[in-house]
Amino acid sequence: SMQTHQLLQMLKSQHAELMTFLQKLSDEEIHRQKDGKWSTLQNMDHLLKSAKTVNPAVRKSSLVLRAAFGKPNREARSYEGLVKRYQERLEGVEAEAPKAYRAAESQALDRAKVLKEYDAEMQKFIQYVGTVKERKLDR
């Protein structure tokens, strides 16, 4: 399985790449919507809303999380296995985010604010992952 330091390096580098990519997009590109799908900025707003919910939850003790969600019913999957399973489940599904996590209208979003807040949430998450014991990441 992936070691904590490997996970941390992957998170840091992928987050840095994403932020660099987003900074390079023009306003037209970041707001572009194709076939009625969310724009890049709307996707970032959705991820920000999700991160703001998940970040405090992952910091809770294992006992609190276990009481809320129960014990895992299988061994932890590899990152690649998790991605594969997620993609299989999405096949042919018209998914819609729950209301609380839906993005606002693209043009109504403040690009600088969304990206700055997303970066801050991810930095908090990355910092937390660096403090977690290996066995807790699988639980």
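Glutamate 121 is buried, with a relative accessible area of 9%. The residue belongs to helix 6, and the structure described here is a predicted model. Apart from residues up to four places away in sequence, glutamate 121 touches Leu48, Ala51, Lys52 and Asn55. Two of these partners, Leu48 and Ala51, are themselves listed among the buried residues of helix 3. This report starts from that contact and then widens the view.

**The chain as a whole**

The chain holds seven helices and zero strands. Its pattern, followed along the sequence, is α-α-α-α-α-α-α. Of its 139 residues, 23% count as buried. Among contacts with a separation of 6 or more, 82% join residues 24 or more positions apart. The contacts of helix 6 with helix 1 and with helix 3 are described in the sections that follow.

**Helix 1 against helix 6**

How do helix 1 and helix 6 pack, and at what angle? Helix 1 covers residues 4–24 and helix 6 covers residues 111–129; the angle between them is about 170°, and their axes lie 10 Å apart. An angle over 145 degrees counts as roughly antiparallel, and helix 1 and helix 6 are therefore roughly antiparallel to each other. On the side of helix 1, the contact is made by Thr4, Leu7, Leu8, Leu11, Lys12, His15, Leu18, Met19, Leu22 and Gln23. On the side of helix 6, the residues are Arg111, Leu115, Tyr118, Asp119, Met122, Gln123, Phe125, Ile126 and Val129. Together they divide into twelve nonpolar, four polar and three charged residues.

Glutamine 123, one of the residues in this contact, is partly exposed, with a relative accessible area of 41%. Its C-alpha atom is separated by 8.5 Å from that of lysine 12, although the two residues are 111 apart along the chain.

**Helix 3 and what covers it**

Helix 3 comprises residues 40–58, which is 19 residues. From its first C-alpha to its last it reaches 26 Å, close to the 27 Å expected at 1.5 Å a residue. Which residues of helix 3 are buried? They are Leu41, Gln42, Met44, Asp45, Leu48, Ser50, Ala51 and Asn55. The cover over these residues includes helix 1, helix 2 (27–31) and helix 6.

Several residues of helix 6 illustrate the relation with helix 3. Valine 114 is in contact with Leu41, Met44, Asp45, Leu48 and Leu109, leaving aside its neighbours within four places in sequence. Lysine 113, also in helix 6, is partly exposed, with a relative accessible area of 48%. Tyrosine 128, in helix 6 as well, is buried at a relative accessible area of 16%.

The table below gathers three pairs of residues with the separation of their C-alpha atoms.

| Residue of helix 6 | Partner residue | Places apart along the chain | C-alpha separation |
|---|---|---|---|
| Lysine 113 | Aspartate 45 | 68 residues | 9.7 Å |
| Glutamine 123 | Lysine 12 | 111 residues | 8.5 Å |
| Tyrosine 128 | Asparagine 55 | 73 residues | 8.9 Å |

**The nonpolar core**

In soluble globular proteins, nonpolar side chains tend to be buried together. The largest nonpolar core in this model has twelve residues in all: Met19, Leu22, Leu25, Ile30, Leu41, Met44, Leu48, Leu109, Val114, Leu115, Tyr118 and Met122. Which elements give two or more residues to this core? They are helix 1, helix 3 and helix 6. Helix 6 gives the most, with four residues. Some members of the core also appear in the contact of helix 1 with helix 6, including Met19, Leu22, Leu115, Tyr118 and Met122. Leu48 belongs to the core and is touched by glutamate 121, the residue with which this report began.

**A residue with a positive phi**

Most residues other than glycine have a negative phi. Aspartate 35 has a phi near 55°, a positive value in a residue other than glycine. Aspartate 35 lies in the loop between helix 2 and helix 3. Is this residue buried or exposed? At 69% relative accessibility, aspartate 35 counts as exposed, whereas glutamate 121 is buried.

Technical notes. Residues are numbered from 1 along each chain as its sequence is written. This is a predicted model: local features need pLDDT of at least 70, side-chain atom pairs count only at pLDDT 80 or more; totals for chains, interfaces and linings use all residues. Side-chain values use heavy atoms; hydrogens and water are left out. Axes are lines fitted to C-alpha atoms, for helices over the stretch in contact, and angles run from 0 to 180 degrees between N-to-C directions. Angles under 35 degrees count as roughly parallel, over 145 as roughly antiparallel, 65 to 115 as roughly perpendicular and the rest as oblique. Contact means heavy atoms within 4.5 Å. Ala, Val, Leu, Ile, Met, Phe, Trp, Tyr, Cys and Pro count as nonpolar, Asp, Glu, Lys and Arg as charged, and the others, Gly among them, as polar. The expected span of a helix is 1.5 Å times one less than its number of residues. Buried means under 20% relative accessible area, exposed over 50%, partly exposed in between (1.4 Å probe, protein chains only). A nonpolar core is a set of buried Ala, Val, Leu, Ile, Met, Phe, Trp, Tyr and Cys residues joined through side-chain atoms within 4.5 Å.
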